[in-house]
Amino acid sequence: MMKLLNLPARSGDRPRTGPSVPHVQLSQRSPDEIREQLKQWMSTELPSTEIRPSEIAEPRSIAFFLAGGAVPPRGAVLLPPRLIAEFAHIHVDGSLHLALSHEDQRELIDQGWGERHPLYSPTINVVMLYGPRTVEELEVAKGVVAASYRYATGRTL
C-alpha cells in the first residue's frame, strides 16, 4: 500500500484516552461545531459508502461501511468484527477509529494525531484519530479520513 498522508506535527500534548474498551478520548474533545462539520463532510464526500450504526463502537457512533457488497483491496484489513465492511466511525467525543495502511498509521502516530487501539494486533487494524479542535485540524482530519477511504476502497477522493 502506498503512503497517502503528509501530516504536519500536531500542536500541544496528546489527549488523554481510555486505556481499554471503550477506547474514547477523555480530554481535548472536539467542539460540537467542528465535529458536526466533520460528520457532514464524511456523510457527503465518501462515495459508495453506507452510514449505519457501528458494529463495534459505542452507541451513538456513526460508522461508514463499503456499500453494495464491495470488498476492500487485497491485503486491506478493515474494522472488526467482519474486517471487510466498516472502515471508520466517529464517536460522540469527535475522535474516530479507522483503518489505515501501516505506513499511514506510523505517520499518524509519529506526528501526534492519533494512537493505536488498545486491542490493536495484526488482525485488529484500528487506530484512533484524535478529534479535531480547530478548523485547521478539521482539514487534517479530512485528509486522514480520505486516506482511510483510499485504503478501504482502493479509490482516491
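# Questions on contacts, burial and helices

User: What does Leu26 touch, not counting residues up to four places away in sequence?

Analyst: With residues up to four places away set aside, Leu26 touches Arg16, Thr17 and Gly18, where contact means heavy atoms within 4.5 Å. This is a predicted model, in which local features need pLDDT of at least 70, side-chain atom pairs count only at pLDDT 80 or more, and totals for chains, interfaces and linings use all residues. Residues are numbered from 1 along each chain as its sequence is written, while side-chain values use heavy atoms and leave out hydrogens and water. The C-alpha atoms of Leu26 and Arg16 are separated by 5.3 Å, although these residues are ten apart along the chain.

User: Why does Leu26 count as partly exposed?

Analyst: Buried means under 20% relative accessible area, exposed means over 50%, and partly exposed lies in between, using a 1.4 Å probe and protein chains only. The relative accessibility of Leu26 is 42%, and therefore Leu26 counts as partly exposed. Leu26 is found in the segment before H1, where helices (H or I, at least four residues) and strands (E, at least two) are DSSP runs numbered from the N terminus. Pro22 lies in that segment before H1 too, and the peptide bond joining Val21 and Pro22 is cis, with omega about 0 degrees.

User: What makes Arg60 exposed, and where is Leu83 placed by its relative accessible area?

Analyst: Arg60 has 68% relative accessibility, so Arg60 counts as exposed. For Leu83 the relative accessible area is 28%, so this residue is partly exposed. Each has a positive phi without being a glycine: near 80 degrees for Arg60, and about 70 degrees for Leu83. Arg60 belongs to the loop between strand S1 (49-53) and S2, whereas Leu83 belongs to the loop between S2 and S3. That loop between S2 and S3 also holds Pro81, and the peptide bond from Pro80 to Pro81 is cis, with omega near 5 degrees.

User: How do you know that the span of H1 agrees with 1.5 Å a residue?

Analyst: The expected span of a helix is 1.5 Å times one less than its number of residues. Helix H1 (residues 32-45) has 14 residues and should therefore span 20 Å, and its end C-alpha atoms are indeed 20 Å apart, which agrees. For H3, with 19 residues, the expected span is 27 Å, and the end C-alpha atoms lie 27 Å apart, so here too there is agreement.

User: Why can one say that the buried residues of H1 line one face of the helix?

Analyst: The buried residues of H1 are Ile34, Arg35, Leu38, Lys39, Trp41 and Met42. Seen down the axis of H1, these residues fall within an arc of 160 degrees, so they line one face of the helix, the arc being that of the directions from the helix axis to the C-beta atoms. In general, an α-helix has 3.6 residues a turn, so residues three or four places apart point the same way. The partners against which the buried residues of H1 pack are strand S2 (62-66), strand S3 (86-90), strand S4 (96-98) and helix H3 (135-153).

User: What makes H1 and H3 roughly parallel?

Analyst: H1 and H3 pack at an angle of about 30 degrees, with their axes 10 Å apart; axes are lines fitted to C-alpha atoms, for helices over the stretch in contact, and angles run from 0 to 180 degrees between N-to-C directions. That angle makes H1 roughly parallel to H3, because angles under 35 degrees count as roughly parallel, over 145 as roughly antiparallel, 65 to 115 as roughly perpendicular and the rest as oblique. On the H1 side the contact is made by Ile34, Gln37, Leu38, Trp41 and Met42, and on the H3 side by Val135, Leu138, Ala141, Lys142, Val145 and Ala146.

User: How do you know whether Leu138 is buried or exposed?

Analyst: The relative accessibility of Leu138 is 2%, and so Leu138 counts as buried. Leu138 lies in helix H3, which is mostly covered, with 15 of its 19 residues buried. Apart from neighbours within four places in sequence, Leu138 is in contact with Ile34, Gln37, Leu38 and Pro132. Just after H3, Gly154 takes a positive phi of about 80 degrees.

User: Which residues are buried in helix H2 (residues 102-110), and why are they said to line one face?

Analyst: In H2 the buried residues are Asp104, Gln105, Glu107 and Leu108. Down the axis of H2 they fall within an arc of 165 degrees, so they line one face of the helix. These buried residues of H2 pack against strand S5 (114-116), strand S6 (127-129) and H3. H2 is followed by Gly112, whose phi is positive, near 85 degrees.
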